Amino acid sequence: MVVSARVRLLSANRRVVRGVEGLWIYRLLTQVEPEVYGSKLAYVLVEESGSPLVRELPERRLALLDEAVEVAKALDTANPYRAKVLARALAARQRELE
């Protein structure tokens, strides 16, 4: 599965793979290398919380944002992307709760 995810990531030829495919790839790869892929997972989770697929599902949007916050918090404080993705995830979660 990990090899398949890496192949799909490389074949996408994009900086960040978005959508359902990106969620699958980054969720899987974050389990193996959290410091490398965690920030991208958090980014895609926040992005997907605004997707038309979950527009009418507030509980699903909140679940995606909760996951994004947890992933971002789990990143090492030395990770250069941690602060940015955590702030983005927390802000999106706060907007969702309002």
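## H3 against H4

Let's start with handedness: H3 and H4 cross in a left-handed way. This is a predicted model, and in it helix H3 covers residues 34-49 while helix H4 covers residues 58-74. Their axes come within 8 Å and cross at roughly 160°. Angles over 145 degrees count as roughly antiparallel, so that is the label for H3 and H4.

Who does the touching? On the H3 side, the contact is made by Glu35, Gly38, Leu41, Ala42, Leu45, Val46, Glu48 and Ser49. H4 brings Arg61, Leu64, Leu65, Glu67, Ala68, Val71, Ala72 and Ala74. Sorted by character, the residues of this contact come out as 10 nonpolar, two polar and four charged.

## Arg61, a charged residue in H4

Arg61, one of the H4 residues in that contact with H3, deserves its own look. Is Arg61 buried or exposed? Its relative accessible area is 15%, and buried means under 20%, so Arg61 is buried.

Its side chain has backbone oxygens for company. A polar atom of the Arg61 side chain lies 3.2 Å from the backbone oxygen of Val54, and the backbone oxygen of Arg55 lies 2.4 Å from a polar atom of that side chain. Setting aside neighbours within four places in sequence, Arg61 is in contact with Ser49, Val54, Arg55, Glu56 and Glu96. Ser49 in that list is also part of the H3 side of the contact with H4.

## H2 against H3

Now for the other face-off involving H3. H2 and H3 pack at an angle of about 150°, their axes 8 Å apart. With the cut-off for roughly antiparallel at over 145 degrees, H2 and H3 therefore get that description. Their crossing is left-handed.

From H2, the residues involved are Gly19, Val20, Gly22, Leu23, Tyr26, Arg27, Leu29, Thr30 and Val32. They meet Pro34, Tyr37, Gly38, Lys40, Leu41, Val44, Leu45 and Glu48 in H3. The tally for this contact is 10 nonpolar, four polar and three charged. Gly38, Leu41, Leu45 and Glu48 of H3 appear in the contact with H2 and also in the contact with H4.

## A backbone oddity at Asn13

One last stop, in the loop between helix H1 (2-12) and helix H2 (19-32): this is where Asn13 sits. Asn13 isn't a glycine, yet it has a positive phi of about 55°.

How does Asn13 count, buried or exposed? The cut-off for exposed is over 50%, and Asn13 has a relative accessibility of 70%, so it counts as exposed.

Terms used: Residues are numbered from 1 along each chain as its sequence is written. This is a predicted model: local features need pLDDT of at least 70, side-chain atom pairs count only at pLDDT 80 or more; totals for chains, interfaces and linings use all residues. Side-chain values use heavy atoms; hydrogens and water are left out. Axes are lines fitted to C-alpha atoms, for helices over the stretch in contact, and angles run from 0 to 180 degrees between N-to-C directions. Helices (H or I, at least four residues) and strands (E, at least two) are DSSP runs, numbered from the N terminus. Angles under 35 degrees count as roughly parallel, over 145 as roughly antiparallel, 65 to 115 as roughly perpendicular and the rest as oblique. A crossing is left-handed if the near helix is turned anticlockwise from the far one by less than a right angle, and right-handed if clockwise. Contact means heavy atoms within 4.5 Å. Ala, Val, Leu, Ile, Met, Phe, Trp, Tyr, Cys and Pro count as nonpolar, Asp, Glu, Lys and Arg as charged, and the others, Gly among them, as polar. Buried means under 20% relative accessible area, exposed over 50%, partly exposed in between (1.4 Å probe, protein chains only). A polar contact is a pair of N or O atoms within 3.5 Å; within protein, one must be able to donate a hydrogen and the other to accept it, and residues adjacent in sequence count only if both atoms are side-chain atoms.
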